[in-house]
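Visitor: I am new to protein models, and I would like to learn how to read one. Could we go through it together, feature by feature?

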Amino acid sequence: MENFLQTWEFVPDKANKDALTEYLKEWGVNGIIRHFMLKAKPLYTFKESVQHKGSYYMIVRSARSGITAKRFVVGPFELGGSHTHEKRADGVTFNTYFSMSSDGHKLIQKSVHTENKYPEATVTREIDSNGHMKVTAVCGKATVLRDFEKAAPVASKEDDAL
């Protein structure tokens with residue numbers, strides 16, 4: 001997990017918007033939210049909790065700054081532990097589980113809708129030889145690949161307190 005404990009910023013020039021659109025449709029994300037998600041340049045910060053030792057947080061920002069930048073927090077969670085609640089941008093809630101692959105190189109996130117209305121989504125993150133975080137997201141028949149690079153963290157007292 002230690003290799004993931006930093007901030008990662010989306011690399012848009014390698015994005016496949018059609019694949020992301022299909023993934024979001026498969027996952028039941030409505031058209032308005034999909035529109036904004038396709039325009040986002042998200043940042044993911046993984047950090048160990050200062051309040052809950054041995055637990056982690058995933059902090060998602062839709063952009064580094066600006067009026068449309070939104071912040072979402074998933075956690076605290078323990079790798080291989082019980083689920084944590086996750087709320088999507090459209091308010092839909094999921095039970096989300098995090099684990100590491102048996103070789104310790106992949107961080108796996110599995111999201112199950114609390115009412116089983118939407119299909120399960122699995123996101124696998126792996127750091128490649130160039131230091132980029134490669135993300136593979138699968139939901140139903142849709143798969144999207146995304147690329148993130150290390151970035152400076154966004155200064156936030158709220159994040160620091162987690």
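Visitor: Let me begin with charges and rings. Which residue lies over the face of Phe10?

Guide: Before we look, keep in mind that this is a predicted model. To find a charge over a ring, start from the ring centre and see what sits above its face. Here Arg146 lies over the face of Phe10, at 4.0 Å from the ring centre. There is another case at Tyr44: the charged end of Arg125 sits over that ring, 5.2 Å from its centre.

Visitor: And rings beside rings? How many aromatic pairs does a search of the whole structure find?

Guide: The search finds 6 aromatic pairs. To describe a pair, you need the distance between the ring centres and the angle between the ring planes. Take Tyr23 and Trp27: their ring centres are 6.0 Å apart and their planes meet at 40 degrees, so this pair is tilted. For Tyr44 and Phe148, the centres are 5.4 Å apart and the planes are at 85 degrees, so that pair is edge-to-face.

Visitor: Where in the chain do Tyr44 and Phe148 sit?

Guide: Tyr44 is in strand β2 (residues 43–48) and Phe148 is in strand β10, 104 residues apart, so to speak of distant parts of the chain being linked is fair because that is what the pair does. Both residues are buried, and together with Phe10 they form one aromatic cluster.

Visitor: What about the tilted pair: are Tyr23 and Trp27 buried or exposed?

Guide: Relative accessible area settles that, with under 20% counting as buried. Tyr23 has 6%, so Tyr23 is buried. Trp27 has 8%, so Trp27 is buried too.

Visitor: How do I read a helix in this way? Which residues of helix α1 are buried?

Guide: Look for the residues that face other parts of the protein. In α1 (residues 17–26), the buried ones are Ala19, Leu20, Thr21, Tyr23 and Leu24. These buried residues pack against α2 (31–39), β8 (121–127), β9 (133–139) and β10 (142–151). Check the ends of the helix as well. At the start of α1, a side-chain oxygen of Asn16 comes within 3.1 Å of the backbone nitrogen of Asp18. After α1 comes Gly28, with a positive phi near 80 degrees.

Visitor: Now a loop, please. What does Arg88 touch?

Guide: Leaving aside residues up to four places away in sequence, Arg88 touches Trp27, Gly28, Val29, Phe94 and Tyr118. Arg88 belongs to the loop between β5 (84–87) and β6 (93–100), and its relative accessible area of 7% makes it buried. A polar atom of the Arg88 side chain lies 2.8 Å from the backbone oxygen of Trp27.

Visitor: And in a strand? Where is His113 found?

Guide: His113 is in strand β7 (residues 106–113). This histidine is buried, at a relative accessible area of 6%. Its contacts, again without residues up to four places away in sequence, are Val92, Thr93, Phe94 and Tyr118.

Visitor: My last topic is empty space. How much space lies in the largest pocket?

Guide: Rolling a probe the size of a water molecule over the atoms reveals where space is left empty. In this model, the largest pocket holds about 940 Å³. Of the 37 residues lining it, Met37, Tyr44, Val60, Phe72 and Ala89 are the closest to its centre. Helix α2 gives the most to the lining, with 4 residues.

Methods: Residues are numbered from 1 along each chain as its sequence is written. This is a predicted model: local features need pLDDT of at least 70, side-chain atom pairs count only at pLDDT 80 or more; totals for chains, interfaces and linings use all residues. Side-chain values use heavy atoms; hydrogens and water are left out. Helices (H or I, at least four residues) and strands (E, at least two) are DSSP runs, numbered from the N terminus. Buried means under 20% relative accessible area, exposed over 50%, partly exposed in between (1.4 Å probe, protein chains only). Contact means heavy atoms within 4.5 Å. A polar contact is a pair of N or O atoms within 3.5 Å; within protein, one must be able to donate a hydrogen and the other to accept it, and residues adjacent in sequence count only if both atoms are side-chain atoms. Rings of Phe, Tyr and Trp (its six-membered ring) pair if their centres lie within 6.5 Å; planes under 30 degrees apart count as stacked, over 60 as edge-to-face and the rest as tilted. A charge sits over a ring if NZ of Lys or CZ of Arg is within 6 Å of the ring centre and within 35 degrees of the ring normal. On a 1 Å grid over the protein atoms alone, a cavity is a set of points where a 1.4 Å probe fits but cannot get out, and a pocket is an open set with protein on both sides within 12 Å along at least five of seven lines; lining residues have an atom within 4 Å of a point. Grid points are joined across faces, edges and corners, and a volume is the space filled by probe spheres set on the points.
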